[in-house]
Amino acid sequence: MAAEDLPEARAALSLLRSRLCNSSFYFKPPSDSSDSNYSKLKFIISSSVTEACNNSILLLGPRGSGKMAVLELVLQDLLLEYPDMITVIRLSGLLHCDDNGAFKEIARQLCSEYQLLFSKMASFDDNSQFMVAMLRECGLAHKTIVFVLDEFDLFAQGKQRLLYSLLDAMQSVSSQAIVIGISCRLDADQLLEKRVRSRFSHRKLLFLPPCKENVERLLEHILSLPIDSDLPHDYIIKFNAKLHNMLANERFKKVISTYLDSDSTVKQFVRYLFCAISKLNLKSGLLTVENFEHALSDTQRQPKQEYIKADCSILELYILVCMKRLEVKEQNSYNFNSVMKEYKSIHDSFRTSDYYSRSVCLRAFEHLLQRELICFADNRGHNQSIEFRPAKLLITAHELHHGLKAYRSCPSILQKLMN
C-alpha cells in the first residue's frame, strides 16, 4: 500500500512558498541590524522627515538585487509611522525621461494626492512652477515629498532640466523633499552635469550580491519552520534538524555555489529556491539535497543543446559546424550555397565518408530552420529561393560544442573542427 501525503508536509510547503512570494520576508532583516541597506535607508528617510530637511540618495546595484523591493518596504513602514507627513511621487526613466512628460506626471500625481484640479493643457513652465509651489507649501505644512526616480541614469540624459529644477528647488529653506534615484549603473552619479552634481548630496547605497555567509543566513531564515506555527511540534523539530544537517553538507554547498556562479542576484536565487522546495517529497515531508540538485538541473537546461544531442542527424551536425566555421572566418553574410562550399572543402580536406547530395543537404537545412537552430538573417528576400537567402546560427559555440560532445555517434572530425 502506497504511503499517503502528510498533511503537515503540504502545510509546510504552502508556508515556504508564501515566504518566497513575499519580498518583505527575505529583504527585511530578521532583526533591524544597523548595517543592512533597509536600516540605512529607513534612517536617512525618517531623519529627513522628522528633522524637516532635504535629502538625495542613489540606490545602485545590478537588476534583481532588491533596490526597489527594499525601498518599497521602507516607504511602507514609514507611511504607517508618519501617515500624514509623507507623499510619494514615482517616476520611471523608461516612461518619463522626457522633461516635459516628467513635469506633467509630477503635476498629475500631486493633484491626485491633494485633490486638486489637474490641467492636461498646462505648459512645461506651468507644471515646473506648480511643482516648486507645492514643494514650498508642503514644507510649510511639515509634509515631505519623496521623489522616486527609477532608471535614474535615463533622467541624466539630455539637458537634465528635471533633475536641475528638482534639486535646485530643494535648496530653498521652505521646501521639504527627498530625491531617491534607482539605477543598475554604478557610475550613475558621474553622468550628472556639474550644476546638477553640485546640488546632489552624494549619498549612495550599494546593493551587491550576497556573500557566502549571507547566503547561509538567508537559506536558514527562509527554509526554517517557526516553532510557534500551527504545524505539529515533532514535525517542526525533525524538519529543522534535517535542514540544519543539509546546510552543513558539502554536496549541498557545492550545488548552491554552482547556482550562484551563474546568477547571484537575490531575485533569481529566490526563484531557484521556489523551484527546489516545490520538489519537496510530501510523503516524507523533508527537504533533501536531491531537491536542490534537480532544481539546478531544471534551471540550467539548454533546450537547443539537448536537441542537438538527441534529434539532429549527422548531416545536420555538419551544416551547423560549417556555419560556425564561416562565422569564425568573419564571413558575416552567408547562405546555403556558402555552407555547401564549406561542406565540400571539409570533405575534400579530410576525405570523409559522410558526404550527401545537394538536395539532401537542402532538406536538412530546411529542417534546421523549422527547429529554429538557424534562421534567415533578415526578412528581406521572401521571393528568393532558400539557397540564396542570408542565414545565421541561433546557437552559441558553447552550446554546439557541448551538444557534439554529448552526441553518441558524433564523427570525431566534427569535434576536431570545433576545437
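Colleague: Let's start with Glu-250: is that residue buried or exposed?
Modeller: Bear in mind that this is a predicted model. Glu-250 has a relative accessible area of 58%. The cut-off for that label is over 50%, so Glu-250 counts as exposed.

Colleague: Which residue does Glu-250 form a salt bridge with?
Modeller: Look along helix α13, which covers residues 250-262. The partner sits three residues apart from Glu-250, so about one helical turn separates the two. This partner is partly exposed, at 29% relative accessibility. With the closest N and O atoms 3.8 Å apart, the salt bridge of Glu-250 is with Lys-253.

Colleague: Staying with helix α13, how many residues apart in sequence are Arg-251 and Glu-293?
Modeller: Their side chains meet in a salt bridge, at 2.8 Å from N to O. Arg-251 lies in helix α13 but Glu-293 lies in helix α15 (residues 289-299), so the pair ties together parts of the sequence that are apart by 42 residues.

Colleague: And how accessible is Arg-251?
Modeller: Its partner Glu-293 is at 25% relative accessibility, which makes that residue partly exposed. Arg-251 also counts as partly exposed. The relative accessibility of Arg-251 is 42%.

Colleague: Which residue is linked with Arg-251 and Glu-293 in a network of salt bridges?
Modeller: We've already seen Arg-251 and Glu-293 meet in a salt bridge. The network links these two with one further residue. That residue is Glu-290.

Colleague: Where is the Asp that Arg-199 pairs with?
Modeller: Arg-199 forms a salt bridge with Asp-168, and the closest N and O atoms are 3.0 Å apart. Arg-199 sits in the loop between α10 (194-197) and β5 (203-206). The pair links distant parts of the chain, 31 residues apart, and Asp-168 is in helix α9.

Colleague: Are Arg-199 and Asp-168 buried or exposed, or what do they count as?
Modeller: Arg-199 has a relative accessible area of 25%, and Asp-168 is at 32%. Buried needs under 20% and exposed needs over 50%. Both values lie in between, so Arg-199 and Asp-168 count as partly exposed.

Colleague: How many salt bridges does the structure hold?
Modeller: The ones we've been through include Arg-199 with Asp-168 and Glu-250 with Lys-253. For the structure, the count of salt bridges is 17.

Colleague: Back in helix α9, is Ser-165 buried or exposed?
Modeller: Ser-165 has its place in that helix. Leaving aside neighbours within four places in sequence, Ser-165 is in contact with Phe-103, Ser-128 and Met-131. Its relative accessible area is 19% and the limit is under 20%, so Ser-165 is buried.

Colleague: What about the protein chain: what is its radius of gyration?
Modeller: The secondary structure comes to 21 helices and seven strands. For 419 residues the globule rule gives 22 Å, and the chain is well over that, so it is more spread out than a compact globule. The C-alpha trace spans about 85 × 65 × 35 Å along its principal axes. The radius of gyration is 29 Å.

Colleague: And how far apart lie the centres of the positive and negative side chains?
Modeller: The chain exposes about 22,100 Å², with carbon and sulfur atoms supplying 50%. It has 52 positive and 49 negative side chains. The distance between the centres of the two sets is 6 Å.

Key
Residues numbered from 1 in each chain as written. Predicted model: local features only at pLDDT ≥ 70, side-chain atom pairs only at ≥ 80, totals over all residues. Heavy atoms only, no water. Salt bridge = Lys/Arg side-chain N within 4 Å of Asp/Glu carboxyl O. Helix = DSSP H or I, 4+ residues; strand = E, 2+ residues; numbered from the N terminus. Buried < 20%, exposed > 50% of the residue type's maximum accessible area, 1.4 Å probe, protein only. Contact = heavy atoms within 4.5 Å. Rg over C-alpha atoms; globule rule 2.2 N^0.38 Å. Areas by Shrake-Rupley, 256 points an atom, 1.4 Å probe, with all protein chains shown as cover. Lys, Arg positive; Asp, Glu negative; His and termini not counted. Charge placed at Lys NZ, Arg CZ, Asp CG, Glu CD.
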